[in-house]
Amino acid sequence: MSFAKLIGNERNKQILQRLLSRGRIASTLIFAGPDGVGKRQFALTFAKAANCLHAPANGFATDSCDECAVCQRIDADAHGDVTTLRPDGQYIKIAQTRHLAEEVYTRPREGRQRFFIIDEAERLREEAANSLLKTLEEPPPTSTLILLTARPDALLQTIRSRAQRISFTALTIPEMETFLTVNYPRPKPDTQLIARVTGGRIGQATAIDLSVYRQARRTLIELLELLAGGQNRVRLLKAAEFLGKKEREEFEQELDLLTTLLRDLLLLASGQTPDAIVNIDAADRLQPLAAKIGLPRVLAWSEKFHELRHNLRININRQIALEAALLSLA
Ligand SMILES: [Zn+2]
C-alpha cells in the first residue's frame, strides 16, 4: 500500500516522505506504538518508495507506485534488500543479530537501499541487543534499520539514543472508516462496525470475521435479554454451561464482547444516541433492551461483570463462576 492510500498517522507519513525527498534516509528508526496500528505497513511502504523503479533521476521516489516489479516483490516479501527479522521462539537471539550485522555492511543486492525491519524489537535478548548496538554505530548509508515495537521503553537506552523515534497511534473511527472504504469496500454497516469493534487497529480490522462476530454477539444479546426478563433459571444455567465449555481464547473473546455490549447498554440507558455505541448495527435491538433494564440495573450488572472477570482470573472452574454470576444478576 502506498503512503497515498495509507490512512492515519499523517505526521509520520510527512516525516518519512521528507526523508525520502531529501535523499538522506536515517540509518536507524524506531517505530513505536500499539500492535496493529500500521507500523509494519509504514516500514514496507518506506522501503518500497526508496527502491521504487519510478524514482526521479537523482533521488528517491517519495511514494511507492505499487506496480513496478520492485514494489511488487517487496510486497511479496521476495526482494533481496528488504529483510524482516522476527523473534526465533520467544526472543531475537544473538545468532540472528550477528547474521544481521554481516548483512548490514553488504552493498544492496539489487536495489538502492537495504532495509532491515526488526519486528517485536522489545524481544531482543540483552546479548543480541548489545551485538545489534555495534551494528548501529556506523552502518553504511545504504542500509536502514527499522525497529518495530509496542514497548519502546523495553529497548536498551543506548539503542534508543542512536535511533530516530517515530510514534504511531491507533486510527480514529472516521480515519478507520475511510481506510476500510478505500481499501476493503464493504456494505456501510459492516465498515462502521469494524471501525468501532477494532479500536482503530488496522491489523485487527483486516483480520476480523464479521459473521463469527455477529453470531457470537447474537448469543450474548439473547443471554442479556434473558437476564433482563429476570427468570428462567434453567436457560441461564444452560447459557453458563455453553459459555463455560469454550476454549480459553474463545471464552476470553466472548467476555470482551460482553464487556462491550454492557458498555453500549450503559451508554444507551444513560440517554446517548446510537452513534456513540460500538455495536451500531445492533442498535435497534440494544435500545429496547437498555430501556427495559434501566440505568441502575445496567450499572449493577457492569459492576458484577467486572467482579466476575476478576474472579475468573483466579478461579479455575469457569462454569461455576459464571453460573453464580448469572444467577445473581437475574
Ligand atoms: Zn514501484
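**A zinc site and the chain around it**

Let's start with a cysteine: Cys-68 has a relative accessible area of 7%, so it counts as buried. On this scale, buried means under 20% relative accessible area, exposed means over 50%, and partly exposed is whatever falls in between, using a 1.4 Å probe on protein chains only. Before going further, keep in mind that this is a predicted model, with local features needing pLDDT of at least 70 and side-chain atom pairs pLDDT 80 or more, while totals for chains, interfaces and linings use all residues. Numbering runs from 1 along each chain as its sequence is written, and side-chain values use heavy atoms, leaving out hydrogens and water.

Back to Cys-68, which has a job to share. Its SG atom coordinates the zinc ion along with the SG atoms of Cys-52, Cys-65 and Cys-71, at 2.3 to 2.4 Å. (A donor is an N, O or S atom within 2.8 Å of the metal, or 3.2 Å for Na, K and Ca; water isn't among the atoms, so sites may look incomplete.) The angles among the four donor atoms of the zinc ion run from 102 to 117°, and the site is tetrahedral, a label that requires all angles to lie between 85 and 135 degrees. If you want to find the donors by eye in the sequence, look for the spacing C-x12-C-x2-C-x2-C. Cys-52 sits in the loop between α2 (39–51) and α3 (69–75), whereas Cys-71 belongs to helix α3 itself, so this pair ties together parts that are 19 residues apart in sequence. Helices here are DSSP runs of H or I with at least four residues, strands are E runs of at least two, and both are numbered from the N terminus.

How exposed or buried are the two ends of that pair? Cys-52 comes out at 3% relative accessibility, so it is buried. Cys-71 is buried too, because its relative accessible area is 0%. As for disulfides, the structure holds zero of them, going by cysteine sulfur atoms within 2.5 Å.

That same loop between α2 and α3 also holds Asp-66. The backbone of Asp-66 has a phi near 65°, which is positive even though the residue isn't glycine. Most residues other than glycine have a negative phi. Glu-120 is another case, with a positive phi near 50°. You'll find Glu-120 in the loop between β3 (114–118) and α5 (126–137), and its 33% relative accessibility makes it partly exposed.

Now zoom out. The protein chain has 15 helices and five strands, and its C-alpha trace spans about 75 × 40 × 30 Å along the principal axes. Of its 330 residues, 49% are buried.

With that many helices, it's worth looking at how some of them sit together. Which way do α14 and α15 run relative to one another? The axes of helix α14 (residues 295–314) and helix α15 (residues 318–329) come within 10 Å and cross at roughly 165°, so the two helices are roughly antiparallel. Such axes are lines fitted to C-alpha atoms, for helices over the stretch in contact, with angles from 0 to 180 degrees between N-to-C directions. Under 35 degrees is roughly parallel, over 145 roughly antiparallel, 65 to 115 roughly perpendicular, and the rest oblique. Compare helix α7 (residues 173–183) and helix α8 (residues 188–197): their axes come within 9 Å and cross at roughly 130°, which means α7 is oblique to α8.

Just before α7, in the loop that follows β5 (164–167), is Leu-171. Leu-171 is buried, with 6% relative accessible area. From its C-alpha to that of Pro-185, 14 residues along the chain, the separation is 18 Å.

A couple of alanines make a nice contrast with Leu-171. Ala-95 lies in helix α4 (residues 94–104) and is exposed, with a relative accessible area of 58%. Its C-alpha is 22 Å from that of Pro-108, which is 13 residues away in sequence. Ala-4 sits in the segment before α1 (10–22), and at 65% relative accessibility it counts as exposed. For a longer reach across the model, take Ala-4 and Gly-244: they are 240 residues apart along the chain, and their C-alpha atoms are separated by 46 Å.

How values were computed: Four donors count as tetrahedral if all angles lie between 85 and 135 degrees; four count as square planar and six as octahedral if opposite donors are over 155 degrees apart and all others between 65 and 115; anything else is irregular.
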